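Trainee: I should like to go through this structure with you, one topic at a time. May we begin once it is displayed?

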Amino acid sequence: MFKASIFTSVALALGLASAPAALAGEYPDQPVTIIVPSKAGGSTDRTARLFTELAEKNYEGFEFVIQNVPGSGGQKGFEAIARADADGYTIGLNFTPQLVAHIVSGRAQYTLDSFHVMGNVAQDPGIVVVPADSPIKNMADLAAASGLTVAVNGIGSDDFLAAKQFESIAGVTFNLLPTKGSTEQKAAILGGHVDAAFMNLSQMIKQHKAGDARIIAMLTEERDANLPDMPTALEQGYDVQMRATRGFVAPAGIPDEIQSQLDSMLAEIMASDEFKANAAKGNIFLLPMSGPDYLAYLTDLQAQTQAVYDQAPW
Amino acid sequence: MEYLAIVFSPWALLTIFIGAFAGVAIGGMPGLTATMAVGLLVPFTYTMDPAMGLMLLGGIYAGAMYGGSIPAILLNTPGTPAAVATAIEGYPMSRAGRAPLALKTSVIASFAGGTFSVFILLLFAPFLARQALAFGPAETFLLALMGLAGIISIADEKSSLLKALIAGVLGMIIAIIGTDDMSGSLRYTMGLVELYDGIDFMPALIGLFSMIQMLELAGQKSHQIDTSALKKKQKGEKLPRGIGKYMGLGAGTGTLIGILPGEGATIAAFISYNLSKRISKTKELFGKGNPEGIAAAEAGNNGCVGGSLVPTITLGIPGNSVAAALMGAFIIHGMIPGPDLFTEYADRTYPFIISLFVANGVFLAVGLFFAPYLARIALVPPAIMVPVVAAFAVLGSYALNNSVFDIYLMIAFALGGLVLKKLGYSLEALILGLILGPIAEGGFSQGMIIGKGSPWIFFDSNIAKVMWVIILALLVPPLYSYWKHVHKAGKAAG
């Protein structure tokens with residue numbers, strides 16, 4: 001690798017016109033690193049591995065190395081992707097709304113322009129959930145009760161943003177309980193320590209089906225196929241929408257021919273039946289979006305998050 | 001029966017053996033931990049048979065929890081924070097040439113604690129998990145207080161209570177650095193992204209114990225371990241009588257604390273250690289090498305293994321960070337924690353639980369067999385020991401979060417800690433403050449929010465009331481004896 005990089009830099013220094021073409025022709029001549037901004041075994045990590053499993057099997061010459069860079073709500077990993085050499089040998093995963101929330105709160109050294117957005121893979125719809133024996137049956141009850149303690153997974157998270165949206169629409173003020181991770185939220189709901197929680201579907205769907213907790217609304221524009229009987233908040237008269245998304249990004253500036261090779265590989269894999277089957281088995285909800293669509297989504301989300309931040313900064 | 005057949009097939013046994021053996025080795029290296037090992041291996045199980053993969057990880061978890069005690073006893077370099085209490089008793093024993101007994105106590109206690117907790121997991125998991133849910137943030141705060149009471153216990157014989165308390169507070173102050181979870185604001189991060197999540201306690205542990213120990217070893221003129229005693233007693237000092245009581249105490253405490261959501265082996269070990277000291281007839285020997293303390297602490301931290309899996313597999317609420325990594329492995333194979341694990345996936349879940357018994361047996365055999373040889377590690381000359389352990393210290397600090405920053409952090413802790421240690425401040429108290437401070441803070445602020453600003457929530461439930469009684473029982477007697485001591489000293493001086 002060291003030798004190769006010396007060769008490359010010498011070649012570039014000499015200004016050999018053929019060098020970029022030769023490089024592109026050889027691509028990939030080494031494993032591609034995928035930066036996952038969370039721990040091994042988490043949902044983002046599993047999304048990445050679903051992809052690499054099929055990519056290595058179906059695309060000759062491609063090898064992937066997953067590098068977990070957890071911490072700071074993904075910020076460490078996002079920064080690492082943005083800083084990586086734009087040579088096509090490092091790409092990464094992002095997740096929302098944290099990617100844009102760090103920009104909005106002024107903590108990120110990157111902007112959306114630091115990335116080439118490759119496409120979205122998965123999503124996790126927002127939900128509102130209450131303890132199994134709670135008198136709160138729907139969103140109207142939630143809006144009518146006063147002084148409720150509501151758990152959200154940390155300040156600036158998707159849960160937090162959704163709770164803030166609901167507060168301003170319904171004109172209520174929650175006693176907000178920020179937790180460290182969804183595990184604490186789950187324990188608080190199952191133990192009846194809080195009145196409600198804003199969470200994500202994958203975290204509570206089993207508990208809901210087992211009768212240990214009760215989901216009262218989906219925070220999506222339409223009902224979700226995984227829980228088709230569950231009405232959305234919108235149906236119940238409250239336009240609160242939130243979802244976590246997990247997609248692929250690359251550092252901006254990768255040569256076009258390499259980038260388009262990676263982009264189309266992602267799109268093809270997401271379209272395959274095998275990928276869909278594996279995702280269903282791994283409790284990952286798919287939401288394929290092309291690069292341009294996902295970039296539009298992210299830009300939009302950043303504007304929305306900015307609006308919440310301007311009202312109540314954290 | 002068919003579950004037993006799965007576990008006792010040759011391949012499964014080999015897998016469990018490899019897992020438990022590797023676990024002991026990983027736990028035994030200063031700087032490498034079970035969390036890291038399971039985290040690193042989870043990806044490998046993607047392609048393995050689900051039951052085999054889980055057995056491998058379970059073996060590592062059980063083995064590593066025991067393995068942490070080996071360097072704690074021999075070198076005063078606890079491999080995991082849960083083994084700090086073991087080091088307090090084990091290292092003095094080692095220096096007195098009683099390492100074989102200390103190692104034997106630790107492995108038998110670990111086996112007792114581990115096996116007891118797996119029995120509980122096998123028989124009562126769903127029932128206990130529901131009971132544990134009553135344990136909320138307010139009770140978490142009290143549990144952290146109970147663990148912090150251990151600071152008094154570390155100090156009272158040396159009568160340096162004030163310095164131990166100062167060290168504990170210093171640990172808590174260091175723990176303030178990072179993001180405030182309640183408001184999202186940053187505290188003392190100096191604009192460094194690396195500090196947003198606060199100071200990880202692993203680099204601190206490695207710096208404060210492994211690195212300092214190596215610095216001190218390097219600074220010694222001669223290697224001063226009583227080798228004659230080691231040779232003479234090689235054939236074996238018998239376990240002291242009545243030590244089973246302390247193992248039982250540790251096993252029960254550890255399993256109980258393991259079941260509580262989000263608590264860890266460190267608290268379990270310290271509370272078990274502290275309790276054993278309170279009921280011991282030979283209190284004065286604590287801190288100078290008392291096998292009773294090792295028995296309680298090791299049974300306590302291994303009790304957490306089975307305990308932590310109770311809420312993990314029944315409710316999807318992992319009992320600690322290793323259990324969280326293990327849960328990832330379950331989910332990879334489509335086994336979402338919940339009732340399904342005991343019906344639809346019973347042919348994987350039950351073999352996994354049963355395999356933990358085997359893993360406990362493996363490390364017991366390994367520990368007993370190797371104890372006499374391991375004890376000789378303490379005799380390795382510093383010229384070899386220091387560079388090897390120092391290299392592992394750097395590697396371990398880096399590998400936890402793939403972070404070079406953590407290496408500098410480890411070195412900073414080693415240098416700062418060395419000064420504190422020379423001045424007589426207890427590093428055990430400091431690490432306890434650093435680990436438990438954030439748990440106490442989280443429990444306190446969440447409790448206050450749930451209680452809508454009223455501190456009554458900390459006295460409200462029956463669990464809370466019982467916990468206050470235990471906290472007082474842990475705090476009052478040592479404070480009284482300290483007061484008497486100071487009073488007497490004052491009179492003598494006057």
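Trainee: Which residue stands opposite A:I34 in strand 3 of chain A?

Mentor: This is a predicted model, in which local features need pLDDT of at least 70, side-chain atom pairs count only at pLDDT 80 or more, and totals for chains, interfaces and linings use all residues. Residues are numbered from 1 along each chain as its sequence is written, while chains are lettered from A and ligands numbered from 1 in the order in which they are written. Strand 1 of chain A and strand 3 (residues 90-96) of chain A pair in the parallel sense over three bridges; strands are DSSP runs of E with at least two residues, helices are runs of H or I with at least four, and both are numbered from the N terminus. Two strands pair if DSSP finds at least two bridges between them, and the residue opposite A:I34 in strand 3 of chain A is A:I91.

Trainee: Through which helix does the chain cross from strand 1 of chain A to strand 2 of chain A?

Mentor: Strand 1 (residues 32-36) and strand 2 (residues 64-68) of chain A pair in the parallel sense over five bridges, with A:I35 opposite A:Q67. The β-α-β crossover between these strands is right-handed, meaning that, with the strands pointing away from the viewer, the path from the first strand over the helix to the second runs clockwise. The helix on this path is helix 3 (residues 43-58) of chain A.

Trainee: Is A:N153 buried or exposed?

Mentor: A:N153 lies in the loop between strand 5 (149-152) and helix 7 (158-170) of chain A. Its contacts, leaving aside neighbours within four places in sequence, are A:D159, A:T179, A:G181, A:S182 and A:Q185; a contact requires C-beta atoms, placed from the backbone, within 7 Å. A residue is buried if 20 or more other C-beta atoms lie within 10 Å of its own, exposed if 12 or fewer, and partly exposed in between. Because A:N153 has 24 other C-beta atoms within 10 Å, this residue is buried.

Trainee: How many C-beta neighbours inside 10 Å does B:M247 have?

Mentor: B:M247 lies in helix 13 (residues 243-259) of chain B. Leaving aside neighbours within four places in sequence, B:M247 is in contact with B:A109, B:A112, B:G113, B:A295 and B:A299. B:M247 counts as buried because its number of C-beta neighbours inside 10 Å is 29.

Trainee: Which helix gives the most to the largest nonpolar core?

Mentor: A nonpolar core is a set of buried Ala, Val, Leu, Ile, Met, Phe, Trp, Tyr and Cys residues joined through C-beta atoms within 7 Å. The largest one holds 207 residues, and A:V129, A:V150, B:V38, B:Y61 and B:I431 touch the most other members. With 16 residues, the element that gives the most to this core is helix 7 (residues 99-132) of chain B.

Trainee: Which helix supplies the largest share of the side of chain B that touches chain A?

Mentor: In this interface, 37 residues of chain B are in contact with 38 residues of chain A. Helix 16 (321-332) and helix 20 (427-450) of chain B each supply at least two residues of the side of chain B that touches chain A. The largest share, five residues, comes from helix 16 of chain B.

Trainee: Where in chain B is confidence lowest?

Mentor: The mean pLDDT of chain B, the predictor's confidence in each residue from 0 to 100, is 88. Confidence is highest in helix 19 (residues 404-422) of chain B, at 95. The lowest mean, 53, belongs to helix 12 (residues 227-232) of chain B.

Technical notes:
Contact = placed C-beta atoms within 7 Å.
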